[in-house]
Amino acid sequence: MAGDTRVGLGFDVHPFAGGEGRPLVLGGVLLAEQGGLGGHSDADVVCHALADAILGAAGLGDLGQHFPDSDPAWEGADSTAILARASALASVSGWGLANADCSVVLEAPRLAPHREAMAQRLSQVAGGPVSVKAKRAEGLGALGRAEGVACLAVALLERKA
Ligand code: MG
């Protein structure tokens, strides 16, 4: 029925931090203890893109509005908390997650061994089925030079009964 579903698109990108200091966390899963992405929180682009998609679908603005990188509360934060908060905001507005799909763009490391764990973790946190796909940038641009990781996410929300 018209008005009972809404779709949202999310995007995020973070550069690799350089040095060895930060863990690499994607989709709420620890992929490596070192060589992670730089950013205010834990720089989990997958959680950020998905949270952005959910906020967009619910008509609640964007991620930066709700979780400004000037806010010390989110410094070094586990981004599954950001995703959970975005889902809770959508839920309070009367929307539940029908499904979501994430495309992660990166050259390395290989996501295949972690994809299922990421999908399970994201589904658990977002409260609905989330799928994860990986895509290489074929050597093009900054992503192709393995300077960072990007993620596109689409989320479909349905009005709760
Ligand atoms: Mg981000």
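A pocket, as the word is used here, is an open set of grid points with protein on both sides within 12 Å along at least five of seven lines. Keep that in mind as we walk through this predicted model, since a pocket is where we start.

The largest pocket has a volume of about 260 Å³. Its lining is made up of 15 residues, and the ones nearest the centre are His14, His48, Leu63, Phe67 and Asp69. If you'd rather think in terms of secondary structure, strand 1, helix 1 and helix 2 (63–66) are the elements that each give two or more residues to that lining. Strand 1 supplies the largest share, three residues.

Two of those central names, His14 and His48, come up again at the metal. Which protein atoms hold the magnesium ion? The donors are Asp12 through OD, His14 through NE2 and His48 through ND1, and they lie 2.1 to 2.2 Å from the ion. Written as a sequence pattern, the spacing of the donor residues is D-x1-H-x33-H. His14 sits in strand 1 and His48 in helix 1, so this pair ties together parts of the chain that are 34 residues apart in sequence. Are these two histidines buried or exposed? His14 counts as buried because its relative accessibility is 12%, and the cut-off for buried is under 20%. His48 is buried as well, with a relative accessible area of 6%.

Now for the sheet that strand 1 belongs to. It's an open sheet of four strands in the order 1-6-4-5, and the pairing is mixed. Strand 1 (5–15) and strand 5 (130–135) are the edge strands: each has a single partner, so one side of each is left without a neighbour in the sheet. On average, neighbouring strands here are turned by 15° against each other, direction ignored.

In general, strands of a sheet pair through backbone hydrogen bonds, and they can do so in a parallel or an antiparallel way. You can find both senses around strand 4 (residues 95–105). Strand 4 and strand 6 run antiparallel and are joined by 10 bridges; Gly96, for instance, stands opposite Glu158 in strand 6. Strand 4 and strand 5, on the other hand, pair in the parallel sense over six bridges. To trace that pairing on screen, look for Ala100 opposite Val130 and Cys102 opposite Val132.

Helix 1 (residues 45–57) lies across strand 1, strand 4, strand 5 and strand 6 (148–159), and runs at about 150° to strand 1. So the helix that carries His48 also packs over the sheet: His48 is in helix 1, and helix 1 lies across those strands.

Ala150, in strand 6, is a handy place to stand and look around. Ala150 is buried, with a relative accessible area of 1%. What does Ala150 touch, leaving aside its neighbours within four places in sequence? The contacts are Phe11, Asp12, Val13, Val45, Ser103, Val104, Val105 and Leu143. One of these, Asp12, is also a magnesium donor. Ala98 makes a useful second landmark: Ala150 and Ala98 are 52 residues apart in sequence and 23 Å apart in space, C-alpha to C-alpha.

There's also a small side story in strand 2 (residues 24–26) and strand 3 (residues 29–32), which pair in the antiparallel sense over three bridges. Val25 has Leu30 in strand 3 as its bridge partner. The two strands form a hairpin with two residues between them, and Gly27 in the turn has a positive phi of about 60°.

That brings us to the backbone oddities. Most residues other than glycine have a negative phi, and most peptide bonds are trans. Where does this chain depart from that? The peptide bond from Ala108 to Pro109 is cis, with omega near 0°, and Pro109 lies in the loop between strand 4 and helix 4 (115–126). Glu138 is not a glycine, yet has a positive phi of about 55°. Glu138 is found in the loop between strand 5 and helix 5 (141–144) and is exposed, with a relative accessible area of 57%. Ala146 is also a non-glycine with a positive phi, about 60°, and is found in the loop between helix 5 and strand 6. At 36% relative accessibility, Ala146 counts as partly exposed.

Technical notes: Residues numbered from 1 in each chain as written. Predicted model: local features only at pLDDT ≥ 70, side-chain atom pairs only at ≥ 80, totals over all residues. Heavy atoms only, no water. Pairing = 2+ DSSP bridges. Axes fitted to C-alpha atoms, helices over the stretch in contact; angles between N-to-C directions. Contact = heavy atoms within 4.5 Å. Donors = N, O, S within 2.8 Å, 3.2 Å for Na, K, Ca; no water. Buried < 20%, exposed > 50% of the residue type's maximum accessible area, 1.4 Å probe, protein only. 1 Å grid on protein atoms, 1.4 Å probe; cavity = no way out; pocket = protein on both sides within 12 Å on 5 of 7 lines; lining within 4 Å. Points joined across faces, edges and corners; volume = space filled by probe spheres on them.
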